[in-house]
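Colleague: Could you take me through this model piece by piece, with the cut-offs stated as we go?

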Amino acid sequence: MSDRLLTVRRDPHSGEVLACGRDPEAHSILQRTDWVPVERVHETYHRLPTGLDGVEESRLATRAVARLRTVGYHVDCDEEFDTELQEQHHLPLGARILHLAEQIRAATTTGEVADVLTELTAAHDGVLTALDDVLVATAEFHEGLGEPADPHIARRLRYLAEEYLQIIRTDLSHTRNALSDRQMTHPGRRTCTNEVPATERERSAVCACPPPPRAPATPPPPVAAAQRR
């Protein structure tokens, strides 16, 4: 529970609005609410962007409190940021891509893993193709910003897309194609049927796999609950 506790307060010395907490999901929510991460030797916290007026600072801090509480965090905050509002929580793109890793960990055949890797390596609409386009678009954006360092940043982004990302895409595509050709079941993985084989001498034997999670109980309708009272 200690990781689910956060503070959102204005620092009395610097006047900055800071959010402190240790949970990675909270860090992601704060970043998606326009906060800036600050990494120190012993901690990582978040601050608001520079150049905001007091009204905008209060708006972003209040919104962060609302978003964090929506997903179950306990937030200790200044009174000006306190709110009972909650925001609808959408599954971020990164979480959906992480689901691909879960599918690979649960896979029992080379074909299943190849299917997952196809989502990354597909030539027209794979994840890596999209990431390449994001890097190029960000490079194009920097080329017209006008600061002395911007052309260098643009060149660096194009280099990442043309060199490093290309290596990853090539190697991963080769891995995907090789797995497609192998057409085999992983020798160390098998699908559990939760059944005892007919040849098992100890008929009292049961599957050692953990039971599936229980579905949460459905609360009775308000009318029925009122009748019982």
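Modeller: A polar contact here is a pair of N or O atoms within 3.5 Å, where, within protein, one must be able to donate a hydrogen and the other to accept it, and residues adjacent in sequence count only if both atoms are side-chain atoms. This is a predicted model, in which local features need pLDDT of at least 70 and side-chain atom pairs count only at pLDDT 80 or more, while totals for chains, interfaces and linings use all residues. Residues are numbered from 1 along each chain as its sequence is written, and side-chain values use heavy atoms, with hydrogens and water left out.

Colleague: Which side chain is joined to that of R169 by a polar contact of 2.9 Å?
Modeller: R169 is found in helix α6, where helices (H or I, at least four residues) and strands (E, at least two) are DSSP runs numbered from the N terminus. Leaving aside neighbours within four places in sequence, R169 is in contact (heavy atoms within 4.5 Å) with L128, T129 and D132. The polar contact of 2.9 Å joins the side chain of R169 to that of Q166.

Colleague: Is R169 buried or exposed?
Modeller: Buried means under 20% relative accessible area, exposed over 50%, and partly exposed in between, with a 1.4 Å probe and protein chains only. The relative accessible area of R169 is 17%, and therefore R169 is buried.

Colleague: How far apart are the end C-alpha atoms of α6?
Modeller: The expected span of a helix is 1.5 Å times one less than its number of residues. For the 33 residues of α6 (residues 150-182) the span should therefore be 48 Å, and this agrees with the separation of the end C-alpha atoms, which is 47 Å.

Colleague: On which residue is the kink in α6 centred?
Modeller: The bend at a residue is the angle between axes fitted to the seven residues ending there and the seven starting there. L165 is one of the buried residues of α6, and these buried residues pack against α4 (110-121) and α5 (127-143). The kink is about 35°, and its centre is L165.

Colleague: Which element gives the largest share of the largest nonpolar core?
Modeller: A nonpolar core is a set of buried Ala, Val, Leu, Ile, Met, Phe, Trp, Tyr and Cys residues joined through side-chain atoms within 4.5 Å. The largest has 19 residues, of which V8, W35, L68 and Y73 touch the most other members. Two or more residues each come from β1 (5-10), β2 (17-20), α1 (24-31), α2 (54-70) and β5 (74-77). The largest share, five residues, is that of α2.

Colleague: What covers the buried residues of α2?
Modeller: The buried residues of α2 include L60, A61, V65 and L68. Among the contacts of V8, not counting neighbours within four places in sequence, are A61 and V65. The cover over the buried residues of α2 includes β1, β2, α1 and β5.

Colleague: Which side chain makes a polar contact of 2.7 Å with that of D82?
Modeller: D82 lies in the loop between β5 and α3 (93-106), and its relative accessibility is 43%, so D82 counts as partly exposed. Not counting residues up to four places away in sequence, D82 touches R69 and C77. The side chain joined to that of D82 at 2.7 Å belongs to R69.

Colleague: How many disulfides does a search of the whole structure find?
Modeller: A disulfide is taken as a pair of cysteine sulfur atoms within 2.5 Å. C20 counts as partly exposed because its relative accessibility is 30%, whereas C77, at 11%, counts as buried. Across the whole structure, the number of disulfides found is zero.
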